[in-house]
Amino acid sequence: MSRSFDAIVIGAGPNGLVTSAYLARAGLSVLVLEQRDRVGGAASSEELWPGFRFDTGAHRSAQLHPAIWRDLGLGAHGLELVRSDPGVFVPLQDGRHLLLAESASTSTDSIRAFSAADADRWAEFNGFAEMVAGFLSAVFSVEPPEIPAPSRSDMFALGRLGLGLRKLGRREMEEVVRVLPMSCLELLDEWFESEPLRGVLAGVAVQGGAHGPMATGTAFNLFRRVAESGSPAALLRPRGGVGRLSEALASAARGAGAEIRTESRVKHVLLKEGRAAGVALEDGTEISARTVASGAGPGVTLLGLSDPAMLDPEFVRALKAIRYRGATAKVHLALGELPRFEGIEGAGRHLGGAISISPSLEYVERASDAAKYGRVSEAPYLEAVIPTVAEPELAPQGKHGMSVLVQYAPYHLRDGTWDAAAADALADTVVETLGRYAPNLPGSVEARHVLTPAGMEQKWSLQEGSVFQGEMTLDQFFFARPVAGWARYRTPIEGLYLCGTGTHPGGGATGNSGYLAAHRILKDAKGRR
Amino acid sequence: MGREGGYDTIVIGGGHNGLTTAAYLARAGRKVVVLERRHLVGGSTVTEEIFPGFKFSVLSYVVSLLRPEVIRELELPRHGLEILPLESTFTPLPDDDYLVRWADHDQTRAEIYRHSPLDADAYDRFGQLMYRMALAVKPILSMVPPDPTSLSPKDLRGLLRLGKHFRDLGEADFFMLYKLMTMSSADFLDEWFETDPLKATMSASGIIGTFLGPRSPGTAYVQLHHYMGEIDGAFRAWGFARGGTGAVAESIASAARELGVTIRENTTVGQVIVRGGRAVGVALEDGEEIMARTVVSGLDPRRTFLRLVDEGDLPQDFVRAIRRYRSVGSSGKVNLALGELPNFTSLPGDGHHLRGAISISPSQDYLERAYDEAKYGEFSSHPYMDVIIPSLIDPGMAPPGKHVMSCFVQYAPYALNGGWSDEKREAFGDAVIDTLSQYAPNLKSAIIHRQVLTPQDMEDEFGLTGGNIFHGELSLQQLFFLRPAPRWADYRTPIRGFYLCGSGTHPGGGICGGPGRLSALEILKDGAR
């Protein structure tokens with residue numbers, strides 16, 4: 001057995017890195033074990049073809065919790081978040097388009113071409129969304145209480161949340177409670193009539209999930225995204241690629257004393273007298289630690305890296321009942337030239353933000369129908385970004401790289417499996433779909449790379465290709481994430497913790513789960529002493 | 001103006017809730033008049049002889065949620081209420097198999113065992129769970145919803161009571177209830193069963209009256225809502241009323257009359273008269289004015305506030321809340337007069353399987369596909385149906401040797417593409433008959449008469465806004481303290497002396513009587529306010 005650590009963190013994704021940085025800052029000796037050759041997990045950049053750098057997982061970033069940013073000094077570690085302006089471009093096949101930006105006037109002018117009423121309501125909607133998102137942000141930064149019998153300190157925390165809500169004013173409080181369980185359709189029916197605007201917001205609300213925008217609970221995801229990005233129209237990216245976010249976190253963790261080993265694949269968690277005692281690697285190495293925190297998902301960690309026979313059958317049942325249902329794929333294209341969209345001249349600023357193929361809410365819903373029956377959407381919802389517009393150095397001279405998020409591509413295909421042919425067919429569908437809006441695109445594709453939900457599972461250990469390590473639905477949120485009764489980062493195995501996005505609050509790469517998990521681990525350690 | 005007729009309370013609408021309110025108020029000594037637009041009382045709870053000799057429960061067709069306290073306190077059995085048990089649920093399958101859940105537990109178990117031994121075991125445990133869940137929700141059905149955004153002692157007391165109730169449930173049941181409140185019925189059942197027709201038939205109760213598919217979150221709650229009547233310990237309240245559902249309304253009307261209530265049919269209220277912010281009576285469409293110090297509306301919230309009241313008498317916020325209150329119909333009704341019984345190829349003959357519900361729900365995908373069509377504005381070409389043949393249980397409903405058959409059909413969207421017309425109504429009726437004929441080929445030739453009701457008809461003839469059978473959807477954001485609008489869930493309205501008592505108030509739709517009773521109790525609390 002090699003040397004022993006106070007804590008081992010499994011997986012160098014953003015949350016694992018945040019956890020390790022906080023544990024190291026508290027004086028613990030920390031070892032981070034990453035199976036791949038680089039840090040970042042599904043938030044990393046890769047050179048897919050010589051000179052072409054892509055964000056193969058997430059291609060946008062969340063704004064990190066101010067405490068994380070400050071505590072870890074991420075600015076000093078080279079992280080710079082850049083907002084694209086405009087943030088979203090929605091092309092239509094008839095040559096019209098919608099541009100949304102954080103500057104209200106750009107958006108309202110663009111929306112006005114579709115609906116004057118919608119243009120007039122845009123600013124109000126943004127204010128409303130920020131209000132709801134503000135409440136969610138508060139929820140995202142506290143550990144879930146023990147429900148239904150909260151402890152005294154839980155009551156205090158809940159009371160603070162309640163007060164925060166109350167500060168909003170009674171009407172706002174009622175609104176928050178009312179809108180969160182809604183479907184995106186119900187929410188948007190109350191606000192907007194123009195189809196591209198409804199479509200692009202619906203797209204934001206369904207990303208990463210298997211549901212369509214007419215499904216109850218999808219409004220919550222729209223507000224969650226506003227909480228993460230600051231605005232429904234924002235596209236936030238680290239300069240240099242999403243990998244820079246993870247690199248900055250890794251640098252901060254190292255700076256605090258944590259050791260990070262890549263290409264170290266954990267085989268299982270070691271137990272001693274029923275308690276976590278370290279990990280065994282695939283290569284046979286055993287490393288001991290008093291605390292093991294896993295950034296992998298709940299199923300991967302507790303059913304894969306540990307022995308389910310050690311767990312209470314009811315708990316195992318609950319673990320197995322977690323819904324993952326990944327339905328998101330990524331397609332990466334090397335382009336010889338920039339796409340030219342119908343009705344808009346050249347390489348304007350519209351190409352600098354997210355390009356959303358979401359002409360209407362119904363379009364997005366129809367795309368989701370296929371997934372219900374285990375098929376890939378024939379006309380998928382797409383969100384494409386071309387980081388090389390702002391940063392030409394991410395591709396060889398004169399070339400561009402386009403990263404496309406595709407929905408819906410269900411992990412469970414009813415006919416067939418995610419083999420090379422299925423992946424190829426998916427790429428065909430994506431290129432054809434884009435070609436309907438930008439006719440020069442299909443001819444400019446020089447190389448393409450597909451990451452299916454099965455591929456994501458293999459590459460990043462994301463169960464069923466779920467980018468959130470479990471659906472972000474109301475029944476898998478807060479005190480019910482990952483499993484009701486176990487929402488406080490602990491597991492039934494003493495000393496083994498979860499710190500990935502499969503725990504509260506989950507969602508995009510905000511680092512919040514890792515932050516809260518680290519605090520839980522440190523609190524427990526203090527209690528033991 | 002004096003007291004014409006000397007009434008102190010006017011109830012608008014002689015539906016079962018309006019009649020219930022009237023009866024309770026009269027029991028407390030009030031002098032009450034009920035004004036009913038049609039020639040008979042009952043509202044959506046009516047029996048009508050549409051074709052000579054054939055009596056139809058025109059809209060609602062089974063009794064399940066009728067509150068035991070209403071039955072007891074109004075002594076409804078003495079006034080003629082007799083519930084004939086609904087014995088079984090028969091699901092014919094396209095491959096000439098079937099699934100029946102019989103009245104007899106052992107027989108049901110054997111039948112489910114035939115499809116899946118695992119499911120036979122799970123069925124018992126599931127039944128016990130749902131029983132516990134129904135008990136957990138029951139007290140909530142008979143309480144006036146407290147407003148969590150209010151600091152009034154009354155609301156705080158209610159909230160504390162609710163908090164204690166949830167704590168007393170224990171952790172496991174609380175979490176299960178949370179899942180039921182937030183999950184889709186398909187997902188919920190997937191955790192328990194593997195037999196597709198069993199899951200489909202059970203999840204169908206989660207979509208009744210909603211504009212959601214079984215895979216949409218929120219439907220598990222509707223399923224529980226329907227379960228509640230079925231397993232109510234106090235009274236076997238799941239079944240047909242002898243004489244059709246109209247007999248329920250008639251028994252309440254009879255109780256009300258005995259208590260001194262005056263019921264005026266063929267009396268259409270045009271407007272509620274408001275003076276100085278308080279309701280003082282109503283103006284009928286024929287110009288007559290009836291004055292009273294209390295006015296109660298059993299109509300749905302949208303009809304009540306957007307048609308009977310001058311908007312100027314209401315706060316703007318409230319009008320906005322009512323305008324966005326969702327009341328979109330998704331179901332139709334087809335009533336058939338038959339010369340002979342349908343003969344199902346999967347289970348031929350006129351055995352016991354015809355004496356209960358016949359459910360056209362062969363698979364979850366089938367239901368989901370039916371929903372997909374409706375989402376985009378078409379009625380389902382192969383709809384979900386809940387069919388009963390009341391004349392088998394209650395021969396008085398049809399001439400000797402003949403039968404009546406009631407088909408509740410989903411989905412039929414209120415906002416049909418191009419709108420409803422006579423042709424569309426008949427095409428919808430044909431789709432229903434064609435679908436049923438696939439299972440019972442003799443049906444077409446057995447039909448003597450048919451009555452087809454679309455959501456548009458339900459609005460036009462029965463005053464259900466949007467054709468919604470629950471007076472507004474039973475979605476999370478329209479339940480409990482949000483039904484029909486935040487701050488106004490206690491049956492009071494912004495107009496003093498004016499109250500609601502219909503299904504658009506807590507606890508919601510179905511032949512329930514809960515809203516009517518709770519409303520009366522609140523009115524009495526206010527005294528001569």
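Visitor: Let's start with B:Asp430. What does this residue count as, at 37% relative accessibility?
Guide: B:Asp430 counts as partly exposed, because 37% falls between the 20% limit for buried and the 50% limit for exposed. Keep in mind that this is a predicted model.

Visitor: Which residue forms a salt bridge with B:Asp430?
Guide: B:Arg450 does. The closest N and O atoms of the two are 2.9 Å apart.

Visitor: Where do the two residues of that pair sit in the chain?
Guide: B:Arg450 is in strand β18 of chain B, residues 447-453. B:Asp430 is in helix α15, residues 422-439. They are 20 residues apart, and the pair links distant parts of the chain.

Visitor: And why does B:Arg450 count as partly exposed?
Guide: Its relative accessibility is 26%, so it lands between the 20% and 50% limits too.

Visitor: Switching to chain A. Which residues do shared salt-bridge partners join into one network?
Guide: The members are A:Glu143, A:Arg488, A:Arg490, A:Arg520, A:Lys523 and A:Asp524.

Visitor: How many salt bridges does the structure hold over all chains?
Guide: The count is 79. One of them joins the side chains of A:Glu383 and A:Arg60, at 2.8 Å from N to O. That pair spans 323 residues of sequence. A:Glu383 lies in strand β15 of chain A, while A:Arg60 lies in the loop between β4 and α2.

Visitor: Are A:Glu383 and A:Arg60 buried or exposed?
Guide: Both are buried.

Visitor: What about the two chains? How many salt bridges are there between chain A and chain B?
Guide: There are 13. In one, A:Lys372 pairs with B:Glu368, with the closest N and O atoms 2.6 Å apart.

Visitor: Which residue of chain A forms a salt bridge with B:Arg487?
Guide: A:Glu174, with 2.7 Å between the closest N and O atoms. B:Arg487 lies in the loop between α17 and β19 of chain B, and A:Glu174 lies in helix α6 of chain A, so the pair joins two chains.

Visitor: Is A:Glu174 buried or exposed?
Guide: Buried, with a relative accessible area of 4%. Its partner B:Arg487 is partly exposed, at 35%.

Visitor: How many residues are in contact between chain A and chain B?
Guide: 41 residues of chain A touch 42 of chain B. The area buried between the chains is about 3,800 Å². Carbon and sulfur atoms give 52% of that area.

Visitor: Any polar contacts? How many residue pairs between chain A and chain B?
Guide: 18 pairs, counting residues at pLDDT 80 or more. On the side of chain A that touches chain B, the elements giving two or more residues are α4, α6, α7, α12 and α13.

Visitor: Which element gives the most to that side of chain A?
Guide: α6(A), with 7 residues. That side divides into 17 nonpolar, 3 polar and 21 charged residues.

Visitor: Last topic, chain A as a whole. How many helices and strands?
Guide: 17 helices and 18 strands. The radius of gyration is 22 Å, close to the 24 Å that the globule rule gives for 529 residues, so chain A is as compact as a globular protein of that length.

Visitor: And how much of chain A counts as buried?
Guide: 64% of its 529 residues. Its C-alpha trace spans about 70 × 55 × 50 Å along the principal axes.

Note on methods
Residues are numbered from 1 along each chain as its sequence is written. Chains are lettered from A and ligands numbered from 1 in the order in which they are written. Side-chain values use heavy atoms; hydrogens and water are left out. Contact means heavy atoms within 4.5 Å. Buried area is the accessible area (1.4 Å probe) that two parts lose on being put together, summed over both. A salt bridge is a side-chain nitrogen of Lys or Arg within 4 Å of a carboxyl oxygen of Asp or Glu. A polar contact is a pair of N or O atoms within 3.5 Å; within protein, one must be able to donate a hydrogen and the other to accept it, and residues adjacent in sequence count only if both atoms are side-chain atoms. Helices (H or I, at least four residues) and strands (E, at least two) are DSSP runs, numbered from the N terminus. Ala, Val, Leu, Ile, Met, Phe, Trp, Tyr, Cys and Pro count as nonpolar, Asp, Glu, Lys and Arg as charged, and the others, Gly among them, as polar. Buried means under 20% relative accessible area, exposed over 50%, partly exposed in between (1.4 Å probe, protein chains only). The radius of gyration is taken over C-alpha atoms; the globule rule is 2.2 Å times the number of residues to the power 0.38.
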